[in-house]
Structure formats: structure tokens, C-alpha cells
Amino acid sequence: MSEPIISARGLDKRYGDFHAVQGIDFDVPRGRCFGFLGPNGAGKTTTLRMLLGLTPMSGGSLSVFGLPMPAEARRVRARTGVVPQADNLDPDFTVAENLAIYASYFGIPRAEVAPRIERLLAFAALTERADARTDSLSGGMQRRLTIARALINDPELVVLDEPTTGLDPQARHVIWSRLSDLRDRGTTLILTTHYMEEAERLCDELVIMDHGRILDQGSPRALIDRHVEPDVIEVRGEASRHLIALAEGVGCRVEQMSTSSYCYTREPGALLEKLRNEHGLTFLHRPAGLEDVFLKLTGRELRD
């Protein structure tokens, strides 16, 4: 086993009386996609900022590329690409000029810049828009350009903070494909997202955080198998005590949310048969997913 690209032990961050990250441990293997999931305020962004040396640690130890942080933050950032949550492209320059300006920040030799830009435009499917101003691009194109810009220094590690938020399904799928290509080429990806499908598709391993702590860690499939039953029957409508008793009577675990009930089971047939004889209810039978794990571990309450 090769040395992990990131290793954290007892990583801790306090802001006065607020304990944002509470002594967490994790390792990120090289060449994998590692995810951080959690509700708002869980400590994900603070953790990412400590990984990049942008926020000082309050305690614990952290190394990236085998280099101690934050002492070696400058060297780490030189080998890292960052895709921020919000696009911050320069609207006064063209697509190609945005890449060229960013390349200058890393001191990339001029002879190498043009070939890199050409390669990254092809990777982002933006070759034909090289001379277009960034404010003329669609949201999906801008996001692909932001990802391409993060790759201009040929990074070993790419940190992506909610890379597809606000994009339509077509744009999301294109970006997922590009990120999968990156991972397959050996680039290590760190991902935060609120799209559970995105995490299931891209992450080899992930942690679920809440209140600054890691609740569990593993592959998406391992987490699903560990925490929830394989089948879910969502029942919509006025879910009465009768319905809950019906589900529990055939061995289901029931979670209630407003007028919807979520029945988790290993043997869905018995409940499905009974539901077909009930009137005024709409129900959906589906396999359990990462979202079910997320909600079980962090709760269904709204977070601001």
C-alpha cells in the first residue's frame, strides 16, 4: 500500500467557543475520489480549508503529499487544483485568456502554456469557445472551464467544493464524466457535494460528518449495507397509525416525514401486497441509497 496523499490525526478547529471540527482522523489514498458529506455546518468546508492551508488548525496533525501542514502550505498548493463552490472566472477575458492568466500564477514556462490550454479546452469540450468571453457561456460551460482552470498546473490533487450545484442534469452528467476521466488517470479527487447520486457515482470512499465529527466512513456501497435495509417503500398521503402498524407488522422499520412514510425492509413483498389493497395512498418501491444513510445518520430536520 502506498502512503496516503492526505493523512489527518486528531484534526481540530475552534472559533472561540464554537468547535467546528472535533478531532477527526482520516486518510485519503492516492488516485481515488474521497468525499466529505454532511449537512450545512457539519465542518466540511473548514476541513477543506485546513487541507489547503487557508485556515490554521487548532490541534492535531495533518500532512499532504507527506508534507506537514500548515508549514508547507505553499508547496502543497503548488501541486493542488481547487474548484471553488462558486465560479470566479474573469468576465473581461476570453476562455483561453482565463487559462493563460491562471497559468502565469504557477510560473509555467511560456512554451508549455499553449499546449496545456489546447489540451484542457479539449478535455472541457470548450475548444470552439476558446475566444468567447466567459460571461457568454452557459452555467455548465463556466463550470467546465473552472474545472479546466484548476488543472492548469497538472495537479496531483484536485479539491472540488460542490462542483455541480445549480447545474441541469445534462451538464452534471458531462462533468461527472470528466471527473471520472481524471480519477482514472490517477489524479486524486476530494469532493464535497449535496447530491447523493454524485457521491455514489464518483466516490471510492467517503466520510459522513455532522457537528464537526465523522459519523462513519467507507465506500458508498459499504455504508448503505451497514446502515439501511436494502429496500425502501415510500408511502405518500395521510400516513395514519394504521399504516405504520401495518408496515411494522410485516417487519419494516418506519421513518415519518410530514405526510410521507419511509418503510425500510429486507422483505418488501408482504408490505407491497397489503399496500395494493389500501386506498388514497401513493407508494414507490426503490432500492436503498446513500441518501437514506445520510438522513438516518444526520436526521431529517432542516439545517440553515
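How many helices and strands does the protein have? There are 11 helices and 14 strands. Keep in mind that the model on screen is a predicted one.

**Whole view**

Start with everything shown. Along its principal axes, the C-alpha trace spans about 70 × 45 × 40 Å. Now switch on the surface. The protein exposes about 14,800 Å², and carbon and sulfur atoms supply 49% of that area. Colour by burial next. Of the 304 residues, 48% are buried. Then display contacts between residues at least 6 apart in sequence: 68% of these join residues at least 24 apart.

**Stop 1: an open sheet**

Select strands 2, 1, 4 and 5, in that order. They form an open sheet of 4 strands with antiparallel pairing. Which strands stand at the edges? Strand 2 (18-28) and strand 5 (67-68) do. Each has a single partner strand, so one side of each is left without a neighbour in the sheet.

Strands of a sheet pair through backbone hydrogen bonds. To look at one pair, select residues 6-15 and 59-64. These are strand 1 and strand 4, and they run antiparallel. How many bridges join them? The count is 5. For a landmark, pick Arg9. Opposite Arg9, in strand 4, stands Ser61.

**Stop 2: Thr46**

Select residues 44-51. This is helix 1, and Thr46 lies in it. Is Thr46 buried or exposed? Thr46 has a relative accessible area of 14%. The cut-off for buried is under 20%, so Thr46 counts as buried.

What does Thr46 touch, leaving out residues up to four places away in sequence? Show Lys13, Tyr15, Ala20 and Val21 as sticks; Thr46 touches each of them. Lys13 and Tyr15 fall within strand 1 (residues 6-15). Ala20 and Val21 fall within strand 2 (18-28). The sheet from the previous stop is therefore back in view at Thr46.

**Stop 3: the cavity**

Rolling a probe the size of a water molecule over the atoms shows where empty space is left. Here the count comes to 1 cavity of 30 Å³ or more. About 40 Å³ of space lies in the largest cavity.

Which residues line the largest cavity? Select Phe123, Ala124, Arg144, Ile147, Ile175 and Arg178. By class, 4 of the lining residues are nonpolar, 2 are charged and none is polar.

Finish by colouring two helices: helix 5 (139-150) and helix 6 (169-184). Each supplies at least two residues of the lining.

Terms used
Residues are numbered from 1 along each chain as its sequence is written. This is a predicted model: local features need pLDDT of at least 70, side-chain atom pairs count only at pLDDT 80 or more; totals for chains, interfaces and linings use all residues. Side-chain values use heavy atoms; hydrogens and water are left out. On a 1 Å grid over the protein atoms alone, a cavity is a set of points where a 1.4 Å probe fits but cannot get out, and a pocket is an open set with protein on both sides within 12 Å along at least five of seven lines; lining residues have an atom within 4 Å of a point. Grid points are joined across faces, edges and corners, and a volume is the space filled by probe spheres set on the points. Ala, Val, Leu, Ile, Met, Phe, Trp, Tyr, Cys and Pro count as nonpolar, Asp, Glu, Lys and Arg as charged, and the others, Gly among them, as polar. Buried means under 20% relative accessible area, exposed over 50%, partly exposed in between (1.4 Å probe, protein chains only). Contact means heavy atoms within 4.5 Å. Accessible areas come from the Shrake-Rupley method with a 1.4 Å probe; for residues, only the protein chains shown count as cover. Two strands pair if DSSP finds at least two bridges between them.
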